[in-house]
Amino acid sequence: MSDLPAAVPPAPRSSPSRAGLFWLSSAGFAALVGLPFGRVDAATLDRLGGTALAHGCTDIRLSPWRGIAFRGMAQADATALLTFAHSVGLIVRDDDPRLSVQACAGAPACLRAETSAMTDASQLADAIAPLLAEGLTLHVSGCVKSCARPGTSDLTLVGRDARYGVIIGGTARDSAIAELDLSALVTRLQPGQEIHARLVAAGLIAGPRV
Ligand code: SF4
């Protein structure tokens, strides 16, 4: 063993892009469309598929990142499909903050839901986009059952009687540090506010730059 050369660790790989335009060489261009929180309604999916077909798509595959890859198109067609997908609320950019959020269906789709988890998750993704871009992981659950993510997240919000229990660095079954409605939650996640400060103190996001 002592004769073996010292091992050199491989260089870290860059993260794969999860949405947008891709060149596939042998398969032309592809439009990778992300589904917000892994869901799309049937009517929108039908329109998306019809638009892809009209633009010459020859092959459709599921991506590992809650999305659909439409392949085999000319660049202009793939770009047009992304424009259409964006117009119906789907994800077409790799920096879309919704890609950093896990959320269940919530109300009204789920009878157990105590909040509109998916709708609220969209609003939260916009409101705290800079924190998500820093790498903060957010899980929004309509109730304690935690269907979207059983494990730990940096910030977990659990629906309770139209408000959210706030859990830092834990799962939906851990103790909440506060219970807030969506509006108060968005406010307290802003720099200088209490929950933001707790995330900084826990080392989950960067503190204010001095
Ligand atoms: S976590 Fe609760 S509200 Fe969300 S889908 Fe599961 S049972 Fe429904």
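Which exposed residues does the face of H2 turned away from its buried side carry? They are Gln75, Ala76, Thr83 and Ser87. Here, exposed stands for 12 or fewer other C-beta atoms within 10 Å of a residue's own, buried for 20 or more, and partly exposed for anything in between, with C-beta atoms placed from the backbone.

A word on the ground rules. This is a predicted model, in which local features need pLDDT of at least 70, side-chain atom pairs count only at pLDDT 80 or more, and totals for chains, interfaces and linings use all residues. Residues are numbered from 1 along each chain as its sequence is written.

**The chain as a whole**

The secondary structure comes to six helices and nine strands; these are DSSP runs numbered from the N terminus, helices being H or I with at least four residues and strands E with at least two. The C-alpha trace spans about 65 × 50 × 35 Å along its principal axes. Of the 210 residues in the chain, 35% are buried. Take contacts (C-beta atoms, placed from the backbone, within 7 Å) between residues at least 6 apart in sequence: 54% of them join residues at least 24 apart.

The domain assignment gives domain 1 (20–94) and domain 2 (98–201), the bounds coming from an automatic or database assignment. Taken over C-alpha atoms, the centres of domain 1 and domain 2 are separated by 28 Å. Across the divide, five residues of domain 1 are in contact with eight residues of domain 2.

**The four-stranded sheet**

One open sheet runs E1-E2-E4-E3, with antiparallel pairing; two strands pair if DSSP finds at least two bridges between them. Strands E1 (20–23) and E3 (59–63) are the edges, each pairing on one side only. From one strand to the next the twist averages 25 degrees. Here are the pairs in this sheet, plus one from the second sheet:

| Strands | Bridges | Sense |
|---|---|---|
| E1 and E2 | four | antiparallel |
| E2 and E4 | five | antiparallel |
| E3 and E4 | five | antiparallel |
| E6 and E7 | four | parallel |

Some partners are worth picking out. Trp23 has Phe29 in E2 as its bridge partner, while Arg61 is matched with Ala69 in E4. Leu32 also stands opposite Ala69 in E4. The hairpin of E1 and E2 has five residues between the strands, and Ser25 there takes a positive phi near 50 degrees.

How many residues of E2 are buried? Six of the six are, so E2 is largely enclosed by the rest of the structure. Both of its faces are covered: Phe29, Ala31 and Val33 are buried on one side, and Ala30, Leu32 and Gly34 on the other. In a regular strand, side chains alternate between the two faces of the sheet.

**Back to H2**

The buried residues of H2 are Asp77, Ala78, Leu81, Leu82, Phe84 and Ala85. Looking down the helix axis, they fall within an arc of 160 degrees, so they line one face of H2; the arc is that of the directions from the helix axis to the C-beta atoms. What do these residues pack against? The answer is E1, E2, helix H1 (42–54) and E4.

The length of H2 checks out too: at 1.5 Å a residue its 13 residues should span 18 Å, and its end C-alpha atoms are 18 Å apart, which agrees. The expected span is 1.5 Å times one less than the number of residues. After H2 comes Gly89, with a positive phi near 85 degrees.

**The second sheet and Ala113**

Five strands form another open sheet in the order E5-E6-E7-E8-E9, this time with mixed pairing. Its edge strands are E5 and E9 (178–180), each pairing on one side only. In E7, Leu155 is the bridge partner of Leu138. Helix H3 packs on this sheet, touching E5, E6 and E7, and its direction makes about 150 degrees with that of E6. Axes are lines fitted to C-alpha atoms, for helices over the stretch in contact, and angles run from 0 to 180 degrees between N-to-C directions.

Ala113 sits in the loop between E5 (101–103) and H3 (117–127). Is Ala113 buried or exposed? With 20 C-beta neighbours inside 10 Å, Ala113 counts as buried. Leaving aside neighbours within four places in sequence, Ala113 is in contact with Gly106, Ala107, Gly142, Cys143 and Gly159. Ala162 is 49 residues from Ala113 in sequence, yet their C-alpha atoms are 9.0 Å apart.

Technical notes. Two residues are in contact if their C-beta atoms, placed from the backbone, lie within 7 Å.
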